[in-house]
Amino acid sequence: METRAHPIFNPLAAAGFMLMASSLIAGTTLMAKLAGRDTLGTPLHPLQISHGRFLFAFLAISTVVALTRPALRSTNIPLHIARSVAGWTGISLMFAAVGFIPLADATAISFLNPVFAMVFAILLLGERVGPWRWIAAAIALVGAFVLIRPGTGSFHPAAFLALAAAMVMGFEITLIKRLTGREAPLQILWINNGIGLTVATLAVIWVWTPPTPAQWAALATLGFMMALAQTCFIQSMKRADASFAVPFSYATLVFAGLYDFAVFGVIPVTASLIGAAIIVAGGVLLIWREGRRSA
């Protein structure tokens, strides 16, 4: 493994930061599920939940920017807008999905986003894809088919919302590839959350209802957890190669399952476990091949 690209190379810290990010990301879906059900009051619309996510994440990141006063470089505003709209769309679809299907199922389906990112990279960036990457993508898609279970009594249409979220997030990853290297991570996070908040505010006007104090607390927790998760992810990637750090993100599935069981008493069925395992296998194979190609 190449270490010179990481001045503060520390695999143990990288794994720890990625596990922390995973626990926080799973926590955001839990908060979204709580706000989207009648647990804390009249269920909030997914667009209102995504607005809360961007509002409080932007406040958290803006606080960091105000304290650190980073130098801002020239920025590609159209690319930022496209990335932010994609991020807002993906998050809104994901929050809509978790209101109806188990957190672990929605999370597992969302892990298809690297597969969609690969397809978009071919179409938009002209990247060449070898047979191993196609095999990894096919394996992950089989896992998604097992999870969604069309044609069975346990099928829920909301699973397609999670699938659509994965597709949009895959497109967002492609746009992020164009941004990284050109701008600092904090600048990207701040600008994108600011644009995302603007889009979310325009969308929420049509569905806004006054949240209860408990729902406000859930939305604030969601936003701050997302901001902290993004920070932990960046810190992890600074300390190790992506091929080492990213597989630890699959712990999000474990955390999501634990949270769903602890709060809602949801026990994963066998098909969910098998489908999630297949998706993870495809994802790990894809990450491994990417690591071999960049070595």
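**Salt bridges, a buried asparagine and a pocket**

Arg-83 and Glu-172 are both buried (under 20% relative accessible area, with over 50% exposed and partly exposed in between; 1.4 Å probe, protein chains only). Their side chains meet in a salt bridge at 2.8 Å, N to O (a side-chain nitrogen of Lys or Arg within 4 Å of a carboxyl oxygen of Asp or Glu). Arg-83 sits in helix 3 (residues 77–97) and Glu-172 in helix 7 (residues 159–179), so the pair ties together parts 89 residues apart in sequence. Helices are DSSP runs (H or I, at least four residues), numbered from the N terminus.

The model is predicted: local features need pLDDT of at least 70, side-chain atom pairs count only at pLDDT 80 or more, and totals for chains, interfaces and linings use all residues. Residues are numbered from 1 along each chain as its sequence is written, and side-chain values use heavy atoms, with hydrogens and water left out.

The count comes to two salt bridges. Asp-260 and Lys-33 also form one, at 2.9 Å, N to O. Asp-260 lies in helix 11 (residues 251–264) and Lys-33 in helix 1 (residues 11–36), so this pair ties together parts 227 residues apart in sequence. Both Asp-260 and Lys-33 are buried.

Asn-192 belongs to helix 8 (residues 185–204). Asn-192 is buried, at a relative accessible area of 5%. Neighbours within four places in sequence aside, Asn-192 contacts His-80, Arg-83, Ser-84 and Leu-179 (heavy atoms within 4.5 Å).

Helix 8 also helps line the second largest pocket, as do helix 2 (46–68) and helix 9 (213–239), each with at least two residues. Helix 9 gives the largest share, six residues. A pocket is an open set of points on a 1 Å grid over the protein atoms alone, where a 1.4 Å probe fits, with protein on both sides within 12 Å along at least five of seven lines; lining residues have an atom within 4 Å of a point.
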